[in-house]
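Hi,

Here is the structure I said I'd pass on. Have a look at it first, and my notes follow below.

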Amino acid sequence: MGFSIMVKRILALSQGMLFLNGVIPVRADNPIIQTIYTADPAPYVWNNRLWLFADHDEPNSKTYIMKDWRLFSSDDVVNWQDHGVVMSLQTFSWATDRAWAGQVVQRNNQFYYYAPMQHRSGAMAIGVGVSPNITGPYKDALGGPLVSNNGIDPTVWIDGDGQAYLYWGNPGLWYVKLNSNMITYSGSIVTVNTGSGFQNFAEGPWFYKRNNVYYMVYAASCCPEDIRYSTSSGPTGPWTYRGQVMATAGASFTNHPGVIDFKGNTYFFYHNGALPGGSGYDRSICVEQFTYGSDGSIPLLKMTTAGAPQVGTFNPYTRVEAETIAFSSHGLSTEPTNDADGLLHVSTITNGAYIKVKGVAFGPGATSFSARVSPVSSAGGTIELRLGSQTGTLVGTLKVPGGGSSWSTVTTTVSGATGTQDLYFCFTGGGGNLFKFNWWQFAGGGSQTTTLKTSTTTTTTTSTTTTSASSGSGCAALYGQCGGLGWTGPTCCVTGPTCKYSNDWYSQCL
């Protein structure tokens with residue numbers, strides 16, 4: 001989880017104004033999550049979507065106060081949807097503290113979440129959460145630890161022959177061969193000689209295979225830590241040290257790697273303390289895109305505020321959860337919704353706060369905008385729809401009525417939203433919390449009609465969807481991409497009057 005058990009706790013860097021209560025002055029897309037502090041990224045690709053598992057640093061921490069594991073996902077690597085808490089210390093009756101760095105893999109139509117936590121005995125142990133859904137909730141698969149040798153930071157890989165390996169490290173590096181049930185292992189725990197083939201191994205291993213080469217990317221030289229890597233021709237070594245991936249930088253004295261291929265590109269995830277108020281105990285996940293050398297080498301990467309480039313564009317003409325964010329400010333947060341029509345909503349919306357959604361493809365033009373909202377203040381508030389920046393072109397204004405606390409779907413006209421633009425939801429109103437924000441959707445002239453069913457109202461709007469076949473009817477593709485999450489075929493539409501999908505909050509049958 002990016003912490004050396006053998007090293008005394010290091011004092012955090014000076015914190016300044018906490019981002020949860022202050023203004024974020026930058027307009028960049030790193031760190032990629034701003035609503036909470038996140039650490040120890042564990043990316044995973046499933047169903048043509050990039051999923052990011054993370055642990056959660058409680059704000060204003062002077063040590064590692066971590067109680068749960070969170071999940072985010074993206075179709076384009078820049079706009080990230082928050083899925084909330086998927087597992088917590090309460091999931092494991094034997095755990096008492098330290099919800100630290102884990103990793104997820106799918107097998108047997110189940111998702112397995114390997115995570116370290118403190119056993120009631122006081123030692124660190126690795127447990128296994130299991131769920132039939134990637135979004136959880138995850139349940140304790142064993143009722144006790146899988147391994148318990150005071151190690152942390154598990155990383156898992158299923159090789160081409162079906163054999164699964166679980167590595168973990170700090171202060172040493174160990175592995176076991178997992179059985180096909182993924183919750184037991186064969187043989188004994190194997191200790192890896194980190195004095196041979198590694199350089200200054202500390203913790204945070206990330207194990208994967210590419211072009212018949214096995215990679216072990218890890219945190220080195222705690223503390224402060226940098227990221228290095230070694231490679232092997234086999235899953236258990238021998239290992240050859242290859243070099244440094246990322247030098248020590250930022251306000252965090254730890255780091256933790258996660259490497260993944262997605263839609264033809266390769267991404268390196270890490271954490272730092274870049275958000276205001278950030279430190280070695282209040283960290284934030286970032287991402288960079290990179291290209292391997294011709295010899296399979298990983299280049300030396302730098303931490304940036306720009307982050308990775310967007311893959312494709314974002315479709316505003318399907319329903320979008322409001323907690324889908326490229327960047328945000330002023331302490332916006334998310335929480336489980338009390339609206340029957342959704343899972344989470346954006347909360348703590350105050351005057352001057354904003355949400356940025358990057359690369360929104362309006363095409364020839366949107367004509368209306370609908371949002372699912374609930375007032376908090378008696379006066380409600382306003383959502384200004386702006387392009388390019390917080391002070392960019394105003395294309396629409398939606399008034400959120402005050403009074404009461406019920407959810408409603410409110411619609412306003414839009415003019416000038418054309419082409420591909422960065423979209424800003426700029427929130428205005430009186431003091432304190434203004435309202436809650438569940439989901440949104442644009443509609444365009446001359447497009448098909450979509451009926452959005454909500455818990456209290458039914459609103460008919462128009463929307464533009466992208467299809468790749470004229471056969472079939474009634475398909476609304478996930479973010480306008482055929483073959484996206486939940487679709488059974490390579491095209492948006494399937495034969496017959498119904499859509500086939502597995503997650504109805506991402507796509508709708510008409």
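**What turned up**

Tyrosine 167 and tyrosine 175 are both buried (buried means under 20% relative accessible area, exposed over 50%, partly exposed in between, with a 1.4 Å probe and protein chains only). Their ring centres lie 5.0 Å apart and the planes meet at 40°, so this pair is tilted. For ring pairs, the rings of Phe, Tyr and Trp (its six-membered ring) need centres within 6.5 Å; planes under 30 degrees apart count as stacked, over 60 as edge-to-face and the rest as tilted.

Some housekeeping: this is a predicted model, where local features need pLDDT of at least 70 and side-chain atom pairs count only at pLDDT 80 or more, while totals for chains, interfaces and linings use all residues. Residues are numbered from 1 along each chain as its sequence is written, and side-chain values use heavy atoms, with hydrogens and water left out.

**More on the rings**

Searching the whole structure gives 38 aromatic pairs. One of them is phenylalanine 198 with tryptophan 239, also tilted, at 5.8 Å centre to centre and 45° between the planes. That pair ties together distant parts of the chain, 41 residues apart: phenylalanine 198 is in the loop between β13 (185-192) and β14, and tryptophan 239 is in the loop between β16 (226-232) and β17 (240-246). Strands here are DSSP runs (E, at least two residues; helices are H or I, at least four), numbered from the N terminus. Phenylalanine 198 counts as buried because its relative accessibility is 8%, and tryptophan 239 is buried too, at 7%.

There is also a cluster linked by ring pairs, with Phe314, Phe362, Phe369, Phe425, Phe427, Phe435, Phe437, Trp440 and Phe442 in it. Separately, arginine 210 has its charged end over the ring of tyrosine 292, 3.8 Å from the ring centre (the test is NZ of Lys or CZ of Arg within 6 Å of the ring centre and within 35 degrees of the ring normal).

**Strand β11 and its neighbours**

Back to tyrosine 167, which belongs to β11. In this strand (residues 164-169), 6 of the 6 residues are buried, so β11 is largely enclosed by the rest of the structure. Ala164, Leu166 and Trp168 point one way, and Tyr165, Tyr167 and Gly169 the other.

On one pairing, β11 runs antiparallel to β10 over 5 bridges (two strands pair if DSSP finds at least two bridges between them). The two make a hairpin with 5 residues in between, where glycine 162 in the turn has a positive phi of about 95°. Another pairing, again antiparallel, joins β11 to β12 (residues 173-178) through 6 bridges. That hairpin has 3 residues between its strands, and asparagine 170 takes a positive phi near 110°. Leucine 166 is handy for orientation: valine 156 stands opposite it, and so does valine 176 in β12.

Past β12, in the loop that leads to β13, you'll find methionine 182. Its relative accessibility is 0%, so methionine 182 counts as buried. Its C-alpha atom is 9.8 Å from that of valine 130, 52 residues away along the chain.

**The second largest pocket**

This one has a volume of about 340 Å³. On a 1 Å grid over the protein atoms alone, a pocket is an open set of points with protein on both sides within 12 Å along at least five of seven lines, whereas a cavity is a set where a 1.4 Å probe fits but cannot get out; lining residues have an atom within 4 Å of a point. Points are joined across faces, edges and corners, and the volume is the space filled by probe spheres set on them.

Of its 19 lining residues, Tyr44, Trp157, Tyr208, Val259 and Ile260 are the closest to the centre. β14 gives the most to the lining, with 5 residues. By class, the lining has 14 nonpolar, 2 polar and 3 charged residues (Ala, Val, Leu, Ile, Met, Phe, Trp, Tyr, Cys and Pro are nonpolar, Asp, Glu, Lys and Arg charged, and the others, Gly among them, polar).

**And one open sheet**

Its 5 strands are ordered β23-β26-β31-β28-β29, with antiparallel pairing. The edges are β23 (327-328) and β29 (393-400), each pairing on one side only.

Cheers
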